[in-house]
Amino acid sequence: MSTPSDHEPHGTHQTKKAAASGWIGSALEYYDFFIYATAASLIFPQIFFPSDNPAVAIIASLATYGVGYVARPVGAFVLGHWGDTHGRKYVLLLCMFLMGFATMAVGLLPTYQQVGILAPALLVLLRLIQGFAVAGEISGASSMILEHAPFGRRGYFASFTLQGVQAGQIFAAAVFLPLAHYMPTKAFNSYGWRIPFLLSALVIVAGYIIRRKVEETPAFAEEAEHGEIPKSPIIQAIQLSWKDILRVICMALMNVIAVVAAIFGAAYAVQPAYGIRFPKDVYLWIPIVGNILAVFIIPFVGNLSDKIGRKPLVIGGALGSGLLSFVYLHAISIHNMWMAIVTSLLMWGVVYQGYNAVFPSLFPELFQTRSRVSAMAIGQNIGTTITALLPALFATVAPPGSTNIPLTIGAITFGVTLIAAVAALTAQETYRIHLNDLGHKGAVPVEKQVYDRIRAQSLVGAKIG
């Protein structure tokens, strides 16, 4: 009979410290990533891309936002390699400092009026660094938390990685939007927009204090002690687990739901060319409220995945949110603003979390310890980068003036979520497999009764501790 002592790594498991480290690091990284997105829409066209044609300036500014996604696959290869050869702790510190310093540097950049073309060139360079850095955060943080978590509670603790991501987006909105709203336009354009970027310095200090206190995971330490660190974990990951990497790529396409809700859906609802004309200020609150909902729901779903498994929640979240995309876009098409808002929050803030809260445990559980960070980083970032191309596809197949927009975009969205659901369906269920056995062919799950007993002991131990 399998027991934790036989199949779990020995050593000190700093579960709560690891979860806190993953949370604050993800919050920092995505705070930085999304204040850039906000600035690219609100202020960068005027100060970095001045043009006689405002449309050209807007396109150029938003293009720099997309550059961040282009850099993610490159970052996944480099930072994944680092995480599997030097340790989870060190790759997370590297990601945090790269992202933090790049973000602060944006806040110190001269404008186009001051240095000419050098200003947008530096902006693009810093955005590339941001995209590079964020590529290693979720895979590194998920692996760190997973490998510190007790057997039977990995889904719950790993979900804090994504709770941090949602919190970071809330922080970004909470800092940026009040400044843009209440500061005089001249003052905001001059120096106010820089404040959210420079505040990254405070979060870097907090993140460093927490992350430096977390020890390397026992699983990675055992690999290093036994001399089993591969020289090229990427090659090993592809050789051993290429099918699961493809599954992760397909499941990561679930980011299409965020694209539909916050990018295409918002444009469809508020841009005059589409003729719906919902109020912009009301629609700005959808991602904020959706993220607030997600912050509360994510740990609940993560805990549920430890009870019933990862796959049912991912499959249900994929199919459910895909079907709700039809309802959401239909509500916009019939000019029912409140129906659109409620459906969007249900689709994105609630049902989508069946996937969003679970992938931080499912993805790394599909791979062996020695190549875990690389394999997850490559798969997840390639899939997410593909979804970054979808807004352009949606605008091409459903431009202003076209008919059946809800059916066209809804069908594409559901098709993508169906791909994700099939990928999850064909993956191995991992929640009852011991950590040392993950990613190995023929790994046998612990019997449900035995698993439930081990999990109950972990819960009692957590309450006593």
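**Entry 1: Glu223**

I began with the contacts of Glu223 and, leaving out residues up to four places away in sequence, found Glu228, Ile229, Thr369 and Arg370. The model I am reading is predicted. I placed Glu223 in helix α14, which covers residues 218–225. Is Glu223 buried or exposed? I noted a relative accessible area of 12% for Glu223; this is under 20%, so the residue counts as buried.

**Entry 2: aromatic pairs**

I turned to the rings next. A pair of aromatic rings is described by the distance of the centres and the angle of the planes. With ring centres within 6.5 Å as the cut-off, I have a count of 19 aromatic pairs. One of them joins Tyr156 and Phe160, with 5.2 Å centre to centre and 90° between the planes. That angle is over 60 degrees, so I entered the pair as edge-to-face.

I then looked up where these two rings sit. Tyr156 and Phe160 both belong to helix α10 (residues 154–182), and 4 residues, about one turn of the helix, lie between their positions. How do the two fall in terms of burial? Tyr156 has 21% relative accessibility and counts as partly exposed, while Phe160, with a relative accessible area of 17%, is buried. The 20% limit falls between these two values, which is why the labels differ.

I also checked Tyr431 and Tyr451, an edge-to-face pair at 5.2 Å centre to centre with 80° between the planes. This pair links distant parts of the chain, 20 residues apart. I found Tyr431 in the loop between α25 (405–426) and α26 (448–464), and Tyr451 in helix α26. Tyr431 is buried at 6% relative accessibility, and Tyr451 is buried at 0%.

Last under this heading, I recorded a cluster in which ring pairs link Phe264, Tyr268, Tyr274 and Phe394.

**Entry 3: nonpolar cores**

Which residues touch the most other members of the largest nonpolar core? I listed Met251, Phe264, Phe278, Tyr283, Ile332 and Tyr355, out of 79 residues in that core. Helix α16 (residues 256–270) gives the largest share of this core, 11 residues. Phe264 thus appears in my notes both in this list and in the ring cluster.

I followed Tyr283 further. Residues up to four places away in sequence aside, Tyr283 touches Gly265, Ala266, Ala269, Val270, Phe278, Tyr328, Ile332 and Ala340. I also noted a second, separate core of 24 residues, which includes Ile35, Ala39, Ile43 and Leu109.

**Entry 4: positive phi**

I looked up two residues other than glycine with positive phi. Arg277 has a phi of about 65° and lies in the loop between α16 and α17 (280–283). Its relative accessible area is 57%; this is over 50%, so I marked Arg277 as exposed. For Asn404 I wrote down a phi near 55°. Asn404 is in the loop between α24 (390–397) and α25.

**Entry 5: a surface patch**

Which residues make the nonpolar surface patch of about 370 Å²? I have Tyr191, Ile195, Leu199 and Leu202 for this patch. Of these I looked up Leu202, which is in helix α13 (residues 200–211). With a relative accessible area of 60%, Leu202 is exposed.

Definitions and conventions
Residues are numbered from 1 along each chain as its sequence is written. This is a predicted model: local features need pLDDT of at least 70, side-chain atom pairs count only at pLDDT 80 or more; totals for chains, interfaces and linings use all residues. Side-chain values use heavy atoms; hydrogens and water are left out. Rings of Phe, Tyr and Trp (its six-membered ring) pair if their centres lie within 6.5 Å; planes under 30 degrees apart count as stacked, over 60 as edge-to-face and the rest as tilted. Buried means under 20% relative accessible area, exposed over 50%, partly exposed in between (1.4 Å probe, protein chains only). A nonpolar core is a set of buried Ala, Val, Leu, Ile, Met, Phe, Trp, Tyr and Cys residues joined through side-chain atoms within 4.5 Å. Contact means heavy atoms within 4.5 Å. Patches are made of residues with over 30% relative accessible area and no salt bridge: like charges are joined within 9 Å, nonpolar side chains (Val, Leu, Ile, Met, Phe, Trp, Tyr) within 5 Å. Accessible areas come from the Shrake-Rupley method with a 1.4 Å probe; for residues, only the protein chains shown count as cover. A salt bridge is a side-chain nitrogen of Lys or Arg within 4 Å of a carboxyl oxygen of Asp or Glu.
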